[in-house]
Each structure stands twice: as C-alpha cells, then as structure tokens.
Amino acid sequence: PFTRERTAFHQDYPYFHLGGRKGCVMWICVDDADKESGVPVYVRGSHLWRRQFAANVFMAQTPMPGSIGDNLSDVENAPHAYDIVQFDTKPGDIIIHHFFTVHGAGGNRTSRPRRALSLRYGGDDLRYARREGAPDQPHHFHDLKDGDPLDSRTFPVVWPRPYPGFS
C-alpha cells in the first residue's frame, strides 16, 4: 500500500540466463488489482518485435551494467505511441505473457495490498545460457552449462513431450 515506485517498462527475458524464444510468465493475482493499485500494463504485440531490450533497474529505464540488448524507448512518457492494455484482476485471475512482451506497472496508490505470484514456464527450445548483465538467481542451484536444456531439479519438466499416454 502507498508505494509510489513504479516498475519501469521492460521484457522479462533479459533477466534470465536463457537462450530461445518459447517462454511465458504467469502473473497470478492474490488481491484485487487495478490501475490505482499498480496492475501490470502491456504493450500489445511487443513480443513479435523480434527485439531484445537491455534489462533495466526496474525503477527507471537505466540499463543494468553489462546488460545485452537495445535501450527500450520511454513507453511510459509516450503511451499514445503504443497499444497499451491492462486488465483489472480479482484474486485467482491469471495474466499470461510472453517473455519478450514489454510491460510495466505503476505504483500502488491505494491502502490495499497488491500481491501476486509469478511463475515462469519455458518451452522445449529454451536452453541455459549464462548472460552478461542478467542478475544471478541465488535460489537456483543447478549444474547446467551453456546449451543444456532446462531439465533439472531447479527447472523441472512439467509436461514432457510426447506426454505418456497422450495421443
């Protein structure tokens, strides 16, 4: 509640040590969320731009040191130049977006909490790829090397292909 800081527009992909394009983030709402409480907003179709933007420091468009990619335009100060969409959510609602979708969120200007759970799912083309400028994930314990598929205790396979017994 009463958090003025916003989350600057960004893509999720540059923050991960990944290579590939098939991946999504599931944002699962725990509390009512709307524009006043800082629900995520998205640039519709931005996952199709085939561009990677440098990871930023979340509070501003300032790129993280060593981050790879183009600098993202100032979407927040030129919203008329983009097709921006948002979805008011209720507890249990899920918003799913591609790793390359440009998105951000305003601060929470209400007295209500705005909590959410975020899950990430990767497709069969994703591989581990140590990336300069991507933050380390201190809770990830694995022995993966560049080029290895994400198949470990830290990155379990949720739906194997072909799925046993599925035709």
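1. A good place to start is Leu144. Setting aside residues within four places in sequence, Leu144 makes contact with Tyr128, Pro149, Leu150, Ser152 and Phe155. Please keep in mind while looking at this that the model is a predicted one.

2. Several of those names come back in the core. The largest nonpolar core has 11 residues, and Leu144 is one of them, along with Tyr128, Leu150 and Phe155. The other members are Tyr13, Phe16, Leu18, Val25, Phe99, Phe100 and Leu126. As background, nonpolar side chains in soluble globular proteins tend to be buried together.

3. Next, have a look at Gln11. This residue lies in the loop that links strand 1 (7-10) to strand 2 (18-19). Is Gln11 buried or exposed? Gln11 counts as buried because its relative accessible area is 2%, and the cut-off for buried is under 20%.

4. What does the side chain of Gln11 reach? One partner is the backbone nitrogen of Phe53, at 2.8 Å; another is the backbone oxygen of Phe100, at 3.1 Å. Not counting residues up to four places away in sequence, Gln11 touches Arg51, Gln52, Phe53, Phe99, Phe100, Thr101, Val102 and His103. Phe99 and Phe100 also belong to the largest nonpolar core.

5. Finally, a point about the surface. Leu117, Leu119, Tyr121, Val158 and Trp159 form a nonpolar surface patch of about 470 Å². Leu117 sits in strand 8, which covers residues 116-122. With a relative accessible area of 45%, Leu117 is partly exposed, whereas Gln11 is buried.

Notes
Residues are numbered from 1 along each chain as its sequence is written. This is a predicted model: local features need pLDDT of at least 70, side-chain atom pairs count only at pLDDT 80 or more; totals for chains, interfaces and linings use all residues. Side-chain values use heavy atoms; hydrogens and water are left out. A nonpolar core is a set of buried Ala, Val, Leu, Ile, Met, Phe, Trp, Tyr and Cys residues joined through side-chain atoms within 4.5 Å. Buried means under 20% relative accessible area, exposed over 50%, partly exposed in between (1.4 Å probe, protein chains only). Contact means heavy atoms within 4.5 Å. Helices (H or I, at least four residues) and strands (E, at least two) are DSSP runs, numbered from the N terminus. A polar contact is a pair of N or O atoms within 3.5 Å; within protein, one must be able to donate a hydrogen and the other to accept it, and residues adjacent in sequence count only if both atoms are side-chain atoms. Patches are made of residues with over 30% relative accessible area and no salt bridge: like charges are joined within 9 Å, nonpolar side chains (Val, Leu, Ile, Met, Phe, Trp, Tyr) within 5 Å. Accessible areas come from the Shrake-Rupley method with a 1.4 Å probe; for residues, only the protein chains shown count as cover. A salt bridge is a side-chain nitrogen of Lys or Arg within 4 Å of a carboxyl oxygen of Asp or Glu.
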